[in-house]
Amino acid sequence: MTQTRHDIVPRAHATMADVAKVAGVAIKSVSRVINNEPHVSAQLRDKVEAAIAALNYVPDTAARSLAGARSFTISVLFDNPSPNYTMKVLAGAYRACVARQYHLRIDSIDTSADTPALQSALEAIFRNARCDGFVLTPPISDDPRVLDVLEAYGARYARLAPFIDAERSLSVTIDDAGAAARIADLLYQNGHRRIGLANGPREHGAAHTRRKGFVERLHQIDPSIIITEAVGGFAFEMGIHAGRELLSAPERPTAIFATNDDSAAGVMVACSQLGLSVPRDVSVCGFDDSWVARTTWPYLTTVFQPIEGMAEAAALMMIDREDGARQLELGFELILRDSVGPAPA
């Protein structure tokens, strides 16, 4: 028997996340009850229905119909500090929309928010967007809270560069570990034996994969190589801090790999601040081949990853409603420029 709780104040616009919180269950469990799915226990149903009654929650049928009729609109979800990455993703997704006569939305959420706030933000997007699906960018693509909410609403989505549980959905990646290993080979071939690593954000799966590929390759080549690490984030300012930290080590590295171009540019500024010349005193490598790589001096050696192509492919996979959870891997290219040279004698 369902009983209404009297210690809860009904809200004018209660969300599924509110119901889940009051009932003390996962949002997917609320979805199962609302959609009358089989194999739902009587205890779970009673808890959810009591919370629904207490909050005067009315299911948003428009949001729940995301998997049904088409709106011919898709959304790209961002929580990314890199302007270059954002613009390239939008360019690729827009190209896919033009090809299929779709519209493109841009939405942003904060994955550092607590779970109720994040779920409420997503539900607000559902109420307003009326999208056929979503392209998720890092770090959103690895946030299980986001994936749970999307699946609870029956929303289609495709992920860029997922690190966790890639088989869960449509996804597009490159071989980040293999690309970072190529940089390790390049630095070793140029005689570098003391090497710095400016790592990306901890919440970005690609940063972990690049670090793993780079460090494992160096240890495979020569276990005696000295690797010094610092947190560089994916932002220019963080790259400066990481560069100064690495270059202040007792055994200063003769080469530094920063896991994206923005932080690599920051490392180059740190070199200049400390009176060091690139690449005479320190070689620097980045990752992405963004516009930053061609506006620094010297021009930045980096890995080209086809961000536009990845976003276009992800959008097309979703728009075309491909069955299953296909994982597509695109190629990369090591771009040699002036920021890498022989290790100083």
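This passage describes helix H12 and the nonpolar cores of a predicted model. Residues are numbered from 1 along each chain as its sequence is written, and side-chain values use heavy atoms, with hydrogens and water left out. In this predicted model, local features need pLDDT of at least 70 and side-chain atom pairs count only at pLDDT 80 or more, whereas totals for chains, interfaces and linings use all residues.

Helix H12 (residues 307–319) comprises 13 residues and reaches 18 Å from its first C-alpha to its last, close to the 18 Å expected at 1.5 Å a residue, the expected span being 1.5 Å times one less than the number of residues. Helices (H or I, at least four residues) and strands (E, at least two) are DSSP runs numbered from the N terminus. Ten of the 13 residues of H12 are buried (under 20% relative accessible area, 1.4 Å probe, protein chains only), among them Ile 307, Met 310, Leu 316 and Ile 319. The cover over these buried residues includes helix H5 (83–100), strand E1 (73–78) and strand E11 (327–330), where contact means heavy atoms within 4.5 Å. Just after H12, Arg 321 adopts a positive phi of about 55°.

The largest nonpolar core (buried Ala, Val, Leu, Ile, Met, Phe, Trp, Tyr and Cys residues joined through side-chain atoms within 4.5 Å) has 45 residues, and those with the most contacts inside it include Val 89, Leu 160 and Phe 214. H12 gives the most to this core, with ten residues. Apart from this core lies another, of 37 residues, including Ala 20, Ala 23, Leu 55 and Cys 131.

Key: Buried < 20%, exposed > 50% of the residue type's maximum accessible area, 1.4 Å probe, protein only.
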